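This report looks at aromatic rings and at the side chains around them. Please have the sequence and the structure at hand while reading.

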Amino acid sequence: MRVQVCIIGGGPSGLLLSQLLHLKGVDTIVLERQSREYVLGRIRAGVLEHGFADLMREAQCGERMEREGEIHHGFFIAHDDRLDRVDLAKHSGGASVVVYGQTEVTRDLYAARDRLGGKVIHNADDVTPHEVNSDAPYVTYRAGDEIVRIDCDYVIGADGFHGVSRKSISRGVLKEYERVYPFGWLGVLSRTKPVSPELIYCKHERGFALCSLRSQALSRYYIQVPLTDRVEDWPDNAFWAELKRRLPDTVADALITGPSIEKSIAPLRSFVAEPMRYGRLFLAGDAAHIVPPTGARGLNSAASDIYYLYHALIDHYERHDDSGLDAYSGKALARVWKAQRFSWWLTMLLHRFPDHSDYENRLQATELEYLFSSDKALGSLAENYVGLPF
Ligand code: RFL
Ligand code: PHB
């Protein structure tokens with residue numbers, strides 16, 4: 001088989017790129033290791049920046065997001081029994097974010113690929129990129145006993161942090177930057193009315209907590225837990241009790257609890273791989289970079305990669321102009337690093353670090369005091385949270 005662009009990974013990055021390219025007449029295939037049900041069973045991001053929402057509209061996938069997504073103009077930071085609001089609209093020149101789950105984004109993208117008859121192969125085993133440093137790259141995968149070969153012009157590695165694409169770049173070329181945090185987030189999804197119509201990020205001496213939502217009937221809560229904890233250590237009642245301890249009293253009193261319908265632990269990590277291009281292989285999204293979820297940047301950073309790649313590939317196919325492809329890695333990384341900085345900063349601001357000294361704890365408290373005493377500091381928080389321009 002031959003296609004113009006072979007995309008490894010059927011998460012939001014891969015699906016979005018294939019949909020955008022298809023609409024411009026570029027032939028793609030998406031190879032996904034898991035089943036569709038498995039991909040749609042993962043509960044991940046909840047906050048989309050407007051640049052991402054625009055891209056979904058351009059991909060003709062924005063209809064349900066417009067109808068069901070919630071526009072949020074602010075969020076709260078709880079600390080020291082106070083609840084301070086960050087007015088995103090005021091501090092970022094009127095911008096906002098959309099609360100709409102990654103699961104729904106992915107569902108909409110699959111539906112759009114199906115409508116256009118896009119090629120998406122699920123349960124593709126042993127996906128392997130070959131000869132990406134030549135003019136004739138190809139990708140193989142196994143379907144049962146059969147090895148299928150796909151020849152293409154370009155290979156896109158959109159296969160997440162644990163994918164094969166990044167690993168196929170020569171060790172001498174790739175530089176990896178990493179920070180692993182000494183804790184994870186335990187997340188619970190419950191069919192209950194959210195405690196607050198807007199998100200609440202809570203800094204507490206027992207550890208960070210987050211009150212988020214998917215809709216006004218579906219809540220998503222997180223608490224910081226040690227890396228040694230397992231989901232089995234946290235029956236629902238223990239989770240709700242610990243969450244309440246970390247919330248300001250007025251919020252804890254208003255919390256409606258219920259059975260969890262999903263519960264998982266995500267370790268927190270910051271990671272960047274450079275460069276994001278190796279010959280005819282281009283990395284995008286979590287395949288090249290990971291952020292801790294604190295700033296809600298992960299999926300949004302993936303979206304800016306897709307935006308740059310999409311335009312670069314269209315310039316190549318429509319105008320024989322390769323300048324976008326040549327500039328891709330540098331351009332994408334410049335924005336990626338700013339998302340890294342912001343996610344790291346917000347993580348350091350709001351979590352409890354077991355090995356921090358009293359001095360570092362006082363500095364952390366001072367950073368928060370400063371934030372809420374300075375319109376300029378709030379402006380910096382707001383412009384990063386709603387998303388820097390692509
Ligand atoms: P994904 O979603 O990991 O998709 C990659 C796909 O590739 C497949 N794959 C392979 N396919 C073929 N062959 C192989 N060898 C393969 N290896 C892997 C996988 O099965 C998968 O389907 O990467 P993508 O598309 O780049 O999307 C990135 C986002 O998923 C991620 O950045 C966000 O979820 C991060 N994130 C958040 N981002 C935000 O922008 N806003 C948020 O509010 C937000 N909250 C979160 C988050 C991530 C979280 N976790 C669990 C890490 C909250 C959490 C708890
Ligand atoms: C979520 O709802 O899953 C969510 C929201 C905001 C974050 C991280 C996760 O910063």
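## Aromatic rings and their partners

In this predicted model, Arg149 sits over the face of Tyr138, 3.6 Å from the ring centre. A second charge over a ring is that of Lys175, which lies over the face of Tyr177 at 4.7 Å from the ring centre.

Rings also pair with other rings. With centres within 6.5 Å as the rule for a pair, the count is 18 aromatic pairs. Two of these pairs are set out below.

| Pair | Geometry | Centre to centre | Angle between planes |
|---|---|---|---|
| Phe282 and Tyr328 | edge-to-face | 5.8 Å | 65° |
| Tyr307 and Tyr308 | edge-to-face | 6.0 Å | 75° |

Which parts of the chain does the pair of Phe282 and Tyr328 tie together? Phe282 belongs to strand β19 (residues 281–283), while Tyr328 belongs to helix α10 (residues 323–350), so the pair links parts that are 46 residues apart in sequence. Phe282 and Tyr328 are both buried.

For the pair of Tyr307 and Tyr308, is each ring's residue buried or partly exposed? Buried means under 20% relative accessible area, and partly exposed covers the range from there up to 50%. Tyr307 has 28% relative accessibility, so Tyr307 counts as partly exposed. Tyr308 has 10% relative accessibility and therefore counts as buried.

Ring pairs can also join up into a group. Phe75, Trp185, Tyr201, Phe208, Tyr222 and Tyr385 are linked by ring pairs into a cluster.

Note on methods:
Residues are numbered from 1 along each chain as its sequence is written. Chains are lettered from A and ligands numbered from 1 in the order in which they are written. This is a predicted model: local features need pLDDT of at least 70, side-chain atom pairs count only at pLDDT 80 or more; totals for chains, interfaces and linings use all residues. Side-chain values use heavy atoms; hydrogens and water are left out. Rings of Phe, Tyr and Trp (its six-membered ring) pair if their centres lie within 6.5 Å; planes under 30 degrees apart count as stacked, over 60 as edge-to-face and the rest as tilted. Helices (H or I, at least four residues) and strands (E, at least two) are DSSP runs, numbered from the N terminus. Buried means under 20% relative accessible area, exposed over 50%, partly exposed in between (1.4 Å probe, protein chains only). A charge sits over a ring if NZ of Lys or CZ of Arg is within 6 Å of the ring centre and within 35 degrees of the ring normal.
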